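These are my notebook entries on a structure that I looked up element by element. I begin with the strands, then turn to the helices, the side chains and the surface.

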Amino acid sequence: MNILVQLSHPAHFHLYKNVVKDLIANGNKVLIVIKSKDILEDLLQNANLLYVNINQHTHRGSKIGILWDMLVREWRIMRICRMHKIDLLTGSTPDIAHVGWFLHKWRVNVGEDDLHIIPAFDKIASPFVQCVLAPKTCNLGRIEYKTVHYPGFQKLAYLHPKQFTPNRGILATYNIDVNSPYFLIRFAKLNAHHDVGVNGISREIANKIVEILAPIGRIYITSERPLEPEFEQYRLNINPLDIHHVMAFSTLYIGDSQSMAVEASMLGVPALRFNDFVGKKKIGVMEELEHVYGLTYGISSHEPQKLYDKIQELIAIPNLREEFQARRQRMLDEKIDVTAFLTWFLENYPASAVQHAENDEFWKQFGAKGAV
């Protein structure tokens, strides 16, 4: 099968990186197309994955510019599909839905957001979507009938134990002592289309967090936005491919990034997310991780004192790591190796869309051990 994979964000690189390798190993031809986004190209180059950049110069800043970029990408994807005789397109964007519909090609969108969180996608893509793969806790609203739900989290595609083993040796290259407490803090840009009007960790709040944690262990900050001078001493300059190794051995994750809070949860690291999404919009994935497995905690940006209190509560727990690793194991027992499932699903599509079954026996072939 000839498969086109579109990546539009660094998170999608992680989602598909092992899937692409498995598809190729199984004899399929895979072509990766991307648009420029943050460190996406660096990740692909460091992983030695070939790709075609179909949108290097974006026109963010106006709706017309965004629409123009999308049309340019779709035109280029159409040409590539015809040139390489693509059978199936997969990715997270409206581009996949539009081009696949226009060319009468199989198309599989992937996602982990409830549809109400991504209204722009709903408006421009939903009528053209053929199939969506999403975690069981996601609510896809009017396209539920086109959705195949699986018992897992998208980020388990690269953080499941069968796909990822934390390497203590990597920490040594950054002079991080794995035997001493250390904390990972993340400042996101919060500039995606669904982040409009969303607040996160301010300078004042960041200073208070540092004040609480500094006497206990080392602090490392990764940031998508410029850092204020007082935080530069904590900046973690790191190869993007190594961040999950550093995260895996950290004592606590704190950030305004939803994505990295989920990643920390996948690794059994207590995760505090602090932004305006909390309390305003119920996100299925975050609700399950917080209220079913107790791996993350959401705190509204209007309640900084709750954040400080929760930090102090967590770091006071004896055997904190052992407790959260046990919670993680319970989660893993009930979830699948998403890479194995996604690879199978794409290789067997469209038959796979009707072959999957909502029972424990079916999911056991993809690693689930308990009730799903």
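**Entry 1: strands and sheet**

I looked first at β5 and β6, which run parallel and are joined by 2 bridges. Strands are DSSP runs of E with at least two residues, helices are runs of H or I with at least four residues, and both are numbered from the N terminus. I took two strands as paired if DSSP finds at least two bridges between them.

I note here that the model is predicted: local features need pLDDT of at least 70, side-chain atom pairs count only at pLDDT 80 or more, and totals for chains, interfaces and linings use all residues. Residues are numbered from 1 along each chain as its sequence is written, and side-chain values use heavy atoms, with hydrogens and water left out.

Within the β5 and β6 pair, I found Leu133 in β6 as the bridge partner of Val110. I then checked the two faces of strand β6 (residues 132-135), and both are covered: Val132 and Ala134 are buried on one side, Leu133 and Pro135 on the other. Here buried means under 20% relative accessible area, exposed means over 50%, and partly exposed lies in between (1.4 Å probe, protein chains only).

I next traced the whole sheet. It is open, has 7 strands in the order β3-β2-β1-β4-β5-β6-β7, and its pairing is parallel. The edges are held by β3 (52-55) and β7 (147-150); each has a single partner strand, so one side of each has no neighbour in the sheet. From one strand to the next, the twist averages 25°. Axes are lines fitted to C-alpha atoms, for helices over the stretch in contact, and angles run from 0 to 180 degrees between N-to-C directions.

At the β3 edge, I recorded 3 bridges between β3 and strand β2 (residues 29-35), in the parallel sense. Lys35 has Asn55 of β3 as its bridge partner.

**Entry 2: helices on the sheet**

I looked up which strands helix α1 (residues 10-25) crosses, and found β1 (2-7), β2, β4 (88-91) and β5 (106-110). Its direction is at about 165° to β1. Helix α4 (residues 94-103) also packs on the sheet, where it touches β1, β4 and β5 and makes about 170° with the direction of β5. Contact means heavy atoms within 4.5 Å.

**Entry 3: buried residues**

I selected Leu307, which belongs to helix α12 (residues 304-315). Its relative accessible area is 0%, so Leu307 is buried. Leaving aside neighbours within four places in sequence, I listed Ile205, Ile209, Ile254, Leu272, Phe274 and Ile299 as the contacts of Leu307. I also noted that the C-alpha atoms of Leu307 and Arg273 are separated by 8.9 Å, the two residues being 34 apart along the chain.

Ser352, in helix α15 (residues 352-355), is likewise buried, with a relative accessible area of 0%. Not counting residues up to four places away in sequence, Ser352 touches Trp344 and Phe345.

**Entry 4: salt bridges**

I counted a salt bridge where a side-chain nitrogen of Lys or Arg lies within 4 Å of a carboxyl oxygen of Asp or Glu. The count comes to 15 salt bridges.

Arg203 and Glu230 form one of them, at 2.8 Å from N to O. This pair links distant parts of the chain, 27 residues apart: Arg203 lies in helix α8 (residues 203-213), and Glu230 in the loop between β9 (218-223) and α9 (243-248). Arg203 is partly exposed at 43% relative accessibility, and Glu230 is partly exposed at 25%.

In helix α8 I also found Lys208 and Glu211, which lie 3 residues apart and are therefore separated by about one helical turn. Their closest N and O atoms are 3.4 Å apart in a salt bridge. Lys208 is partly exposed at 30%, whereas Glu211 is exposed at 54%.

A further salt bridge joins Lys306 and Glu303 at 3.3 Å, N to O. Lys306 is partly exposed at 48% relative accessibility, as is Glu303 at 34%.

**Entry 5: a surface patch**

Which residues form a nonpolar patch on the surface? I found Leu67, Trp68 and Leu71, with about 320 Å² of accessible area together. Patches are made of residues with over 30% relative accessible area and no salt bridge; like charges are joined within 9 Å, and nonpolar side chains (Val, Leu, Ile, Met, Phe, Trp, Tyr) within 5 Å. Accessible areas come from the Shrake-Rupley method with a 1.4 Å probe, and for residues only the protein chains shown count as cover. Leu67 lies in helix α3 (residues 63-84) and counts as partly exposed at 43% relative accessibility.
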